[in-house]
Amino acid sequence: MALTSHDPFANASSLFRALDQLAGRAGTTTAHPVAGMPMDAYRIGDNFVAHFDLPGVDPGSIEMSLEGTTLTISAERSVPQLEGAQWQVAERPFGSYTRQLVLGRSLDTDRLEASYHDGVLTVSIPVAEKAKARTITVTRADTPTRVQSHAIEGEQPAVES
């Protein structure tokens, strides 16, 4: 089973850190756009499972789409709008999260399931029946086997010599 991960914001994240360091903030006092969507992935039994950290995300903002073997997950975490607030520290990231996974063809994406609980999005995809391990019976090749012949309607039956 193949899995390829793509973080489209990886370069932007390092750029924001560099800008914060140049400004003397070292990323400790300024909220910044989301840099990625941390993920754990594993196979358990006949299922591929992935967990994505999405803390503080409204479940209604989570969108998932599947095009071919590419699974795209998007979500948004908004900056709190508090009237009259004078922010002292704003370290928690905000903005749009996007993550793409290229799934192996051995997964049954028609039966993909997703749930969101306590800030974690869990995606479970069963392994396709055709990709599951199976036992293959091996027969002895030195034992001759008689093949039955059957006549097709309108044809002469084969003659054995």
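Q: Which strand is Arg 99 found in?
A: This is a predicted model, where local features need pLDDT of at least 70, side-chain atom pairs count only at pLDDT 80 or more, and totals for chains, interfaces and linings use all residues. Residues are numbered from 1 along each chain as its sequence is written, and side-chain values use heavy atoms, with hydrogens and water left out. Strands are DSSP runs (E, at least two residues) numbered from the N terminus. On that numbering, Arg 99 sits in strand 6.

Q: Is Arg 99 buried or exposed, and which backbone oxygen does its side chain reach?
A: Buried means under 20% relative accessible area, exposed over 50% and partly exposed in between, with a 1.4 Å probe and protein chains only. Arg 99 has 12%, so it counts as buried. Its side chain reaches, at 2.3 Å, the backbone oxygen of Met 37.

Q: Which strands each supply at least two residues of the largest nonpolar core?
A: A nonpolar core is a set of buried Ala, Val, Leu, Ile, Met, Phe, Trp, Tyr and Cys residues joined through side-chain atoms within 4.5 Å. This one has 18 residues, and Phe 52, Leu 54, Ile 73, Leu 103, Leu 121 and Val 123 touch the most other members. The strands that each give at least two residues are strand 3 (47-53), strand 5 (70-77), strand 6 (95-103) and strand 8 (120-126).

Q: Which residue stands opposite Met 39 in strand 3?
A: Two strands pair if DSSP finds at least two bridges between them, and strands 2 and 3, running antiparallel, are joined by six. They form a hairpin with two residues between them, and Gly 45 in the turn has a positive phi of about 60 degrees. Contact means heavy atoms within 4.5 Å, and beyond four places in sequence the residue in question touches Met 39, Ile 73 and Arg 99, among others. The residue opposite Met 39 is Phe 52.

Q: Which strands stand at the edges of the open sheet?
A: The four strands of this sheet come in the order 2-3-8-7, with antiparallel pairing. Each edge strand has a single partner, so one side of it is left without a neighbour in the sheet. Those edges are strand 2 (39-44) and strand 7 (113-117).

Q: What is the bridge partner of Asp 53 in strand 8?
A: Strand 3 and strand 8 run antiparallel, joined by seven bridges. Asp 53 has as its partner there Val 120.

Q: How many salt bridges does a search of the whole structure find?
A: A salt bridge is a side-chain nitrogen of Lys or Arg within 4 Å of a carboxyl oxygen of Asp or Glu. Asp 46 meets Arg 43 this way at 3.7 Å, N to O; Asp 46 is partly exposed at 38%, and Arg 43 is partly exposed at 44%. Arg 111, partly exposed at 45%, meets Asp 108 at 3.5 Å, N to O. The search finds two.

Q: What separates the C-alpha atoms of Pro 126 and Arg 111?
A: Pro 126 lies in strand 8 and is buried at 9%. Leaving aside neighbours within four places in sequence, its contacts include Asp 46, Asp 108 and Arg 111. Although 15 residues apart along the chain, the two C-alpha atoms are separated by 6.8 Å.

Q: Which residue in the loop between strand 7 and strand 8 has a positive phi?
A: Phi here is near 50 degrees, in a residue other than glycine. The residue is exposed, with a relative accessible area of 69%. It is Asp 118.

Notes: A polar contact is a pair of N or O atoms within 3.5 Å; within protein, one must be able to donate a hydrogen and the other to accept it, and residues adjacent in sequence count only if both atoms are side-chain atoms.
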